[in-house]
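Colleague: I would like to go through this model with you. Show me the structure first, and then I will ask how each label is earned.

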Amino acid sequence: MKVLGISGSLRNARYGAGSRQLVEELERIKTPEALKLYLKEQTRIRADEFISAGLNSGLPFDAVYRNLQKLKGDKGLSNSEATLAAGLWGVLEKGGDIAHAGLSRYFPMNGESRYLDELKQIVLSADAYLVSGPVYFGDRGSLVQAFVEFITADPELRAHCNGRLYGGLAVGAKRNGGQETQLIYQLIDMCNLNMLAVGNSYETSSQYGGTVVAGDVGTAWDDDYGMQTSIGTGKRLAQIAISRENSRRHKLKDKVKVGIWLVQDSTDKRGLQLIQKWIDQHQAEGVEYKVIDLTTEEIYRCIACDLCPTHHATHNEYACIIKSKNDFFLKNHEELIATDAILLAAYSPIDRSSITAVYQKFMERTRYIRRGNYLLGDRLVAPFVISEVNANQNLHIRMLTSLIRHHTIVHHPLIALEMDHTVINEEHLLAQLESFSKNAIALTKARLLRDTDQSFTYYNPVGYQISAERNRTDRNNGVLDHVLSTKHTALVKEKTNRLTQG
Ligand SMILES: Cc1cc2nc3c(=O)[nH]c(=O)nc-3n(C[C@H](O)[C@H](O)[C@H](O)COP(=O)(O)O)c2cc1C
């Protein structure tokens, strides 16, 4: 399984033989400490190259840039490349193979494109993609944009990328410089190409990917936490992509349980009716859909406990402080976590005077599930929104960014567009439902097959001292290990019960 690392900055140092050399250099690094030294040395080389190219002798930056282009491209790392190198090292740590492509070779500063056949072959030779780039105006820059357009315009590349895994990395000059917005836009781009997106790993608390803070050339190596998020993204990407590869040799004995959780609907139940019609029509092989109409359920709001979940419970135990006997989560905890893949559904009309919407309440109450060691981790998820044209709610984007925090794998949102009481893209919607079902089967197998390291989905309470203290106590008294090993044992049992070779 080969991950292609793509760096999207015009300040890139590596291309051609330099890309291959980068791979060899990373393969020789054995420890995080050695990686840090390597990134320090290489980003320093790039900074020195800028200086030697005339930066310190008062040459205008465009002349400096032209001088830099005369270099061989075989040493040094820009900030995006250093971030990418950390991510690719994470891939190697999990046993994946790596390759590198620097987009500045294909999309140079004059705005044109070149050597696109070469880029195409590189993309076609990879199984998964890790894309790193600078934050420009809170978004990804024009090189990554050009790369996305390049794939979108080519049917062969589109077909190849369909169902492949993707992870993202972003580097910006400031804390809150837009690393997350960059990653979200990039994630949406890649999902629109039907890739399946993952965020970073449990060590750094499962967000949208790697985020590094660095402005000047030569500085990225120094952001330790940012580099950890990047290594974690590479690890997570590799882990899922490898188990996905392995899953091809296995079959499921039973059907994949796809939960369609309806969190917003009109009083006349338009959303529910349409969903029911489509799943009756679809009849996907190997998949069973279970619609839960949450709009009729009692859902208390999250009261934001300092300690969440209430205690380190085994996975099948409900551990939220809300104990009202009619509360949806209390009644349905086991069913929720037994779901293999999730479509979070909503009907979004223009007139919202008569809708019931529990989306936000529902999402915030899932906190105990996330913090209970990612009980919905590694599930394929997608927003499923039926939107009247001009409803302007953008629910699918909010759903997507919340769902990925459950350590899930994100599929292209399913969006039905309605006009004058008619769904105008039904065929497209059904094709997306088919795609979701197919990938749900593959990723359920991958989930059951993945790394047997029981701590893999441990929730690390980054930013919460009270929770961290409890984790320390429960580590020492064995409670946390018991909870994680019970979850792990259940996964192994599930694997034995549900998977077969061949
Ligand atoms: C056009 C432009 C826009 C930028 N916008 C942002 C921004 O919105 N937020 C931020 O944190 N940094 C921003 N930066 C800074 C870069 O993201 C930062 O310098 C980064 O380290 C560049 O990575 P590179 O060396 O790999 O090109 C911007 C830089 C440029 C040139």
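Colleague: Which residues come nearest to the ligand?

Modeller: Ser-9, Ser-80, Val-135, Gly-177 and Ala-214 come nearest, out of 17 residues around the ligand. A residue counts as near if one of its heavy atoms lies within 4 Å of the molecule. Keep in mind that this is a predicted model: local features need pLDDT of at least 70, side-chain atom pairs count only at pLDDT 80 or more, and totals for chains, interfaces and linings use all residues. Residues are numbered from 1 along each chain as its sequence is written, and side-chain values use heavy atoms, with hydrogens and water left out.

Colleague: What makes Asn-79 a polar contact of the ligand?

Modeller: The term asks for a pair of N or O atoms within 3.5 Å; within protein, one must be able to donate a hydrogen and the other to accept it, and residues adjacent in sequence count only if both atoms are side-chain atoms. A polar side-chain atom of Asn-79 is 2.9 Å from a ligand oxygen. That meets the cut-off. Ser-78 also meets it, with a side-chain N or O atom 3.4 Å from a ligand oxygen. Val-171 uses a polar backbone atom, 3.3 Å from an oxygen of the ligand.

Colleague: Where do the two domains begin and end?

Modeller: Domain 1 is 2-247 and domain 2 is 251-495. The bounds come from an automatic or database domain assignment. Their C-alpha centres lie 31 Å apart. The contact (heavy atoms within 4.5 Å) takes 31 residues from domain 1 and 32 residues from domain 2.

Colleague: How much area do domain 1 and domain 2 bury between them?

Modeller: About 2600 Å², with 56% of it on carbon and sulfur atoms. Buried area is the accessible area (1.4 Å probe) that two parts lose on being put together, summed over both.

Colleague: Why is the pair Arg-236 and Asp-378 called a salt bridge?

Modeller: The rule wants a side-chain nitrogen of Lys or Arg within 4 Å of a carboxyl oxygen of Asp or Glu. Here the N to O distance is 2.9 Å. The pair passes. Across the interface of the two domains the rule finds one salt bridge. It also finds 11 residue pairs in polar contact there, both residues at pLDDT 80 or more.

Colleague: Which elements give two or more residues to the side of domain 1 that touches domain 2?

Modeller: Helix H8 (179-192), strand S6 (196-197) and helix H9 (224-247). Helices (H or I, at least four residues) and strands (E, at least two) are DSSP runs, numbered from the N terminus. H9 gives the most, with eight residues.

Colleague: How do you know that Glu-203 and Lys-235 form a salt bridge?

Modeller: Their closest N and O atoms are 3.6 Å apart, which satisfies the rule. Glu-203 sits in the loop between S6 and strand S7 (210-213) and Lys-235 in helix H9, so the pair ties together parts that are 32 residues apart in sequence. A search of the whole structure finds 30 salt bridges.

Colleague: What is the omega of the cis peptide bond between Cys-308 and Pro-309?

Modeller: Omega is about -5 degrees. Pro-309 lies in the loop between strand S10 (287-293) and helix H11 (328-337).

Colleague: What is the phi of Lys-269?

Modeller: Lys-269 has a positive phi of about 60 degrees, although it is not a glycine. Lys-269 is in the loop between strand S9 (256-266) and helix H10 (270-282).
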